[in-house]
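The exercises below are meant to be worked with the sequence and the coordinates side by side. Please try each task before reading the solution that follows it.

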Amino acid sequence: MTAAIQVEQLAHRYGQRFIYQDLSFSVPEGKVVALLGKNGVGKTTLIRLLMGFLRPSAGQCQVLGEPSHALSPRTRARIGLLFEGHLAYDFMTIAQIERFYRPFYRRWRRELYYDLVDRLGLSPDHKIGDMSCGQRSQVVLGLIFAQDPDLMILDDYSMGLDAGYRRLFLDYLRRFLDEGGKTVFVTSHVVQDMESLVDEVIFLQRGGAVKQLPLADFRRQFRCFGFQVEGDAPPQADGLIENVDLHGREPVLYSFAAPERLAAHLATHWPQVRLGDEQALTLEDAFIGLTGKY
Amino acid sequence: MLAAVCLKEWLKVRWVWLGLLALHLGMLLYLFIAIRHQFRVEHSEMIWYWAFELRRLLYEPIQYLPLVTGVLIAAAQFGPEMLGGRFRLSLHLPLRGDLLVWSWVAFGALMGAVLALLDALALYWIIGRWFPHEAAVSAVRTALPWLLGGWVGYFGATLALLEPAAPRRLVYLGLSAALLALLFQHRGYQEYDQVLPVLVGIALLFIPAVILPAHRYRHRS
Amino acid sequence: MTARLARWSLLLLTVFLLAVWWPLLKDLLFEYRYGKTDLFYSPVLERFVYKELLGEGHQFIYRDQDGTDYDRETFETLIPFIYYKNMELWGRLPLSLAGRSFDKAQIQAERQVLELDPVELPGHAPRIPLFPLFEANPGRARLRFPEDIMRPGERLAFINSDANRLDPELTRRFTAALTEAGFAWPVQDTFGRVSILKAFDAGYFLLDHAGDLFQLRRVDGVPEVTPVPLPEGLAVRHVKVAENKRGEYLGLVLSRDDRLFLLAQDEARRSAAGLIPLALPGYEPDRMALKILFNPLYRTAIYSDQREIKAVAMDKGFEPIASYDRTMAMAEPRLVDRVWEALVPFSLDLRDPNGRYLRLSLDVHGPLALPGIGLALVLAWLLLRQRGLHLPSMLPTLLLVGLTGLYGLIAVALIPPEAPHGAAGADRRLGRAPVPGAANA
């Protein structure tokens, strides 16, 4: 399977401060991949690099086979970008913005735009600048759909949206993806939404470490257990134990290992720890479990 | 695509442009009334003497009008692009970035040119109303560097607005101000007749130059 | 590619603007307060004397052509026709010179100054070609502006200023008068002095298509045309009309080959009466200001550019009796000028001291500027190296700095080269091998 996005040994720095030095991952064609990470790990920088508005300090960042900072117009036509905050030309009306974008895209699908926008019940002369954030998100999504891109890069689509519009956004997006053949690279603060949307997740951690795996694998393999400690030396993350959380009512630890292997590991390395029951995890719990609360 | 580019630019500048049109008409009307008033309170032959021999420019009130126009059109065009980083929307369009920026400035320059043409024609008509046509032609030729000032103001403001780095913005503003100052050195009529082609040539350097801030915006590191 | 073109456009723009504005700034900071030398022919010494400002404050010297210095008062007594009012104050009138005696009235009657500045010449200043033809016999003390203006062309049209409309009757009458006098249409050039602050009106001198000169006056509303007799082969370039109270000479006529003539006057009719040639070696009317001083004994022509001043003293028959020239103190280069010339390779001058037109004249400093260029090159090299450029990629920029010196250096510092394209250049700085395909941006 070819990759829609291919990042190899990517390094980026602001001044002398490196955000990442050796970042590699790929987004396979036809997949929906979410980039998850806590604040400050460089998600925005990565999105900017992929969108071509930053030049990497070193390494390679290819999007649809071209360096992301030097995409040809033909390739740009195949990429739909959703900018943070649903950026759009505020001074245009619903009808004007469609008229503006249409001539740029050969595969323009006007009906998809109006299908979405008509549901807002607004006049075609309604100015985008006068819309709510949710209404604007529909317009922007409609424009991306009409563009009929092969790859969509959606930067924090949930920003500013209430639960209803967020759900609407996802519903329409999923329906559009059902047509098949689309690749999506998405970031969001609302981890829970990813559950029904994405095929794979990429966890970006501070210093540029990445963990990429199918969402189903993550949900199946990543487990949480309560535990008790004899004495005052709780276990610590050690490779097999991904994370230990002592902030809750009951201390818990997280691991990708099966219970038996984890028990054996604890017996060898942390004999003072007595493993409790496995606890059910939402995706958000799992995300926090992997990346930590701080 | 060009129609789409023009549509967007028109939507951005239309109110400012219409406002400027009103301003130009207002200033030209003022000029008309002021000169009419002069001819009512003074002897016509004396005013002709001031104009021809003492080289007094009765139409000086409009000298900065093109400059203001250029700056405001640029602000109307590129202010909204820079707000919230909307320039990124444009740069992602499937069109070569340099062609896109050139089509923008072509549109803006054209909008300015329409007002410049209005000024030139109105100036010819107003001066020609009270002076022989030699004086009307002379007035238009004298006003040419002021019209060029509109061009410089437009491109100077465009460079400064599109530029992502603040210190470089100051450089562009400084260069534009230095060139502008060369266009307002007159002490009488038609003194730029000989040097104007050189200054026009220098001002044309802005056309290629305007690509640099857009390039820097896209290729920031 | 277009980004590179864009940067180079801005570099050229910057160099141009620096080359115009820096010299102006230099002149503002290191102002030049020395004026031109005042040169005279002393009827007392029968030698040239001059006054010159040498330095700060009032460091004037008063000297004769042999180098003898005088105090101010003595100097003024050497040119008593100039300072005749001081002579009167000091009780030295009447003067006794060359065996003759001159009182105040005599001196006043014979004094006249004719001047011709380059800025007055045709083509040195823009001019709307419309001329008020004064009534030469206004019947009152002062001239007054007519309500019509003359437009020389295929005919002599008159436009009424109140109506801003052609006056057909006046146009017909004046055109006919000129035609009758043998005027070959159209009018090639028109010379005259537009002022009501003059002793009388001599009208205009019109050069016809055949190169003949005619004086046109309006006397009691009627055209009066006087053909001006010109020496064989003289092509008139300019006529300076002086309309002085002292009526012997009406002004000056300059030929296309830079010969200068006095325009004699028929005093009774205020009309031109022939030309008197003046022998002025080295006179270049396009860049030299000329003055002709008349006194009861001599006529002195003094002409100078920004460096040299020349003078010819003549007797009353305009036969040269002495001449002198010297380089003025103001032409001596100052330290700041020397430093300036070493610092920048050229400057662009917007103002023309000999005309009203703005223009850009290039003043190249030549080999003198090598130190500045060398310094600029070293600094540019350091600047570019610091930005990660290697010698081959620096060469175009260094060439610019080599040609434009400090101007180019400043331009490059303000608008430095963009970081090398693609990640490849960045890799070099990070000490990594470039990733294939990442550099072809």
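**Exercise 1. Describe the contact between chain C and chain B: how many residues does each chain give, and which elements of chain C take part?**

Step 1. The contact takes 39 residues from chain C and 38 residues from chain B, where two residues are in contact if their C-beta atoms, placed from the backbone, lie within 7 Å. The model is a predicted one, in which local features need pLDDT of at least 70 and side-chain atom pairs count only at pLDDT 80 or more, while totals for chains, interfaces and linings use all residues. Residues are numbered from 1 along each chain as its sequence is written, and chains are lettered from A and ligands numbered from 1 in the order in which they are written.

Step 2. On the side of chain C that touches chain B, the elements giving two or more residues are α1 (2–29) and β7 (148–152) of chain C; helices (H or I, at least four residues) and strands (E, at least two) are DSSP runs, numbered from the N terminus. The largest share of this side, 14 residues, is supplied by α1(C).

Step 3. Sorted by class, the side of chain C that touches chain B holds 27 nonpolar, 5 polar and 7 charged residues. Here Ala, Val, Leu, Ile, Met, Phe, Trp, Tyr, Cys and Pro count as nonpolar, Asp, Glu, Lys and Arg as charged, and the others, Gly among them, as polar.

**Exercise 2. Characterise chain B, and then place P208(B) within it: is P208(B) buried or exposed?**

Step 1. Chain B has 10 helices and 0 strands, and its C-alpha trace spans about 65 × 30 × 25 Å along the principal axes. Of the 221 residues of chain B, 45% count as buried, and residues 24 or more positions apart account for 82% of its contacts with a separation of 6 or more.

Step 2. P208(B) belongs to helix α9 (residues 206–209) of chain B. Because P208(B) has 20 C-beta neighbours inside 10 Å, it counts as buried; the label requires 20 or more other C-beta atoms within 10 Å of the residue's own, whereas 12 or fewer make a residue exposed and values in between make it partly exposed, with C-beta atoms placed from the backbone.

Step 3. Leaving aside residues up to four places away in sequence, P208(B) touches T2(C), L5(C), A6(C) and S9(C).

**Exercise 3. How do α4(A) and α5(A) pack, and which residues make the contact?**

Step 1. The axes of helix α4 (residues 110–118) and helix α5 (residues 133–147) of chain A come within 7 Å and cross at roughly 160 degrees. Axes are lines fitted to C-alpha atoms, for helices over the stretch in contact, and angles run from 0 to 180 degrees between N-to-C directions.

Step 2. α4(A) and α5(A) are therefore roughly antiparallel to each other, given that angles over 145 degrees count as roughly antiparallel, under 35 as roughly parallel, 65 to 115 as roughly perpendicular and the rest as oblique.

Step 3. The contact is made by R110(A), L112(A), Y113(A), L116(A) and V117(A) of α4(A), together with Q138(A), V139(A), L141(A), G142(A), L143(A), F145(A) and A146(A) of α5(A). These residues divide into 9 nonpolar, 2 polar and 1 charged.

**Exercise 4. Trace the strand pairing around β16(C): which strands pair with β16(C), and in what sense?**

Step 1. Strand β15 (residues 249–255) of chain C pairs with β16(C) in the antiparallel sense over 5 bridges, two strands being paired if DSSP finds at least two bridges between them. L252(C) stands opposite L262(C) in β16(C).

Step 2. β15(C) and β16(C) form a hairpin with 4 residues between them, and D258(C) in the turn has a positive phi of about 65 degrees.

Step 3. β16(C) also pairs with strand β17 (residues 271–278) of chain C, in the antiparallel sense over 6 bridges, and the bridge partner of L263(C) in β17(C) is L275(C).

Step 4. In strand β16 (residues 260–266) of chain C, 5 of the 7 residues are buried, so the strand is largely enclosed by the rest of the structure.
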